[in-house]
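Work through the exercises below with the sequence and the structure open. Each task is followed by its solution in steps.

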Amino acid sequence: GVGERLVIVDLGAHTGDTLRVFEYIVGREAFKRARVFAWECAPAVVMALREYAEGLREMGVEVEVVEAAAWTKDGVMTFNDVSPTGGGVPLPGAAVGPRKGEKEVVEVVTKDFVGWLKRTVVEGDYVFLKMDIEGAEAEIIRSMGREGVLGLVDEVQIEFHDWQKKKRNKYSVKEKEKMHDTMEAAGLAYEYATFDRDMRRMVNIEGKGFPQKTGRKWPRGWMDAHYFRKDASWRLFPPCEKCENKTG
């Protein structure tokens, strides 16, 4: 088990669906000792998240729902309120308007994630960061790199959104590569692994990626990037036995 305090930061927690996966993988007893921060800004789903969080509290988990969008500063931002499957915060210059199946465009509170992280975690915490924030990850990772706070994080699971359609939180493959380099420069190694379809274990996806302009193969998957510290004595997600770790 983990000797330090386990801190789980779920950016884009939705209804708590991925937290349920984490609870299953780490085990209920270890999960009960964690401190959980569930970030969600979508009014359409935050009530369900709060209900799930209340159930965790009754189980003994210390959990806080942060009803805000993770961003580079405190403020207000336009948000495409979500359908049951997702939504998004348009980046500057992006087209504003609901996609098919989404609800109305609303304004939501944003919080400076880097500042919050500095105030919240302490040396000795084992910090697991999950990031599924519909394209905003580009700005957040850049900010974390500039401010030198990636060293506070021990394990990261990210869904990159460079595949999204033009003008909707779109960033280039080159920008995705820069994010990857920023993570590895901070000592976080990339593993060619993602959840299986049942989201119960890490599975090898080496050779199942698709080549991009830079030549590196990126995997297809629900969470398509898993980063961890090589020298860690413990991981929330145990290493995939058949997975190959990549550092370049």
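## Exercises on the chain

**Exercise 1. Describe the overall build of the chain and how far apart in sequence its contacts reach.**

Step 1. The model is predicted. Its secondary structure consists of six helices and 16 strands.
Step 2. The chain has 248 residues, and 55% of them are buried.
Step 3. Take the contacts with a separation of 6 or more: 75% of these join residues 24 or more positions apart.
Step 4. The exposed area of the chain is about 11,900 Å², of which carbon and sulfur atoms supply 48%.

**Exercise 2. Find where confidence is lowest and where it is highest.**

Step 1. Begin with the chain as a whole: its mean pLDDT is 75, and 67% of the residues reach 70 or more.
Step 2. Strand 13 (residues 210–211) has the lowest confidence, with a mean of 38. Helix 4 (residues 113–120) has the highest, at 97.
Step 3. Look for stretches under 50. Residues 89–102 form one such stretch, and the model gives them 44 contacts beyond four places in sequence. Residues 218–223 also stay under 50, with 32 contacts beyond four places in sequence.

**Exercise 3. Which residues touch the most other members of the largest nonpolar core?**

Step 1. The largest nonpolar core holds 36 residues.
Step 2. Within this core, Val-9, Phe-113 and Met-144 touch the most other members.
Step 3. List the contacts of Val-9, leaving out neighbours within four places in sequence: they include the aromatic residues Phe-37, Trp-39, Phe-113, Trp-116 and Phe-128. Val-127, Leu-129 and Lys-130 are also in contact with Val-9.
Step 4. Another core, of 27 residues, lies apart from the largest one. Among its members are Ile-25, Phe-31, Val-36 and Phe-237.

**Exercise 4. Is His-14 buried or exposed? Locate the residue and describe its phi.**

Step 1. His-14 is in the loop between strand 1 (6–11) and helix 1 (17–26).
Step 2. The relative accessibility of His-14 is 15%, so the residue counts as buried; the cut-off for buried is under 20%.
Step 3. Most residues other than glycine have a negative phi. His-14 is not a glycine, yet its phi is positive, about 55°.

**Exercise 5. Locate Ala-44, classify its exposure and relate its position to Thr-15.**

Step 1. Ala-44 belongs to helix 3 (residues 43–59).
Step 2. Ala-44 counts as partly exposed because its relative accessibility is 35%, and that class lies between 20% and 50%.
Step 3. Thr-15 and Ala-44 are 29 residues apart along the chain, and their C-alpha atoms are separated by 9.7 Å.

Notes
Residues are numbered from 1 along each chain as its sequence is written. This is a predicted model: local features need pLDDT of at least 70, side-chain atom pairs count only at pLDDT 80 or more; totals for chains, interfaces and linings use all residues. Side-chain values use heavy atoms; hydrogens and water are left out. Helices (H or I, at least four residues) and strands (E, at least two) are DSSP runs, numbered from the N terminus. Buried means under 20% relative accessible area, exposed over 50%, partly exposed in between (1.4 Å probe, protein chains only). Contact means heavy atoms within 4.5 Å. Accessible areas come from the Shrake-Rupley method with a 1.4 Å probe; for residues, only the protein chains shown count as cover. A nonpolar core is a set of buried Ala, Val, Leu, Ile, Met, Phe, Trp, Tyr and Cys residues joined through side-chain atoms within 4.5 Å. pLDDT is the predictor's confidence in each residue, from 0 to 100.
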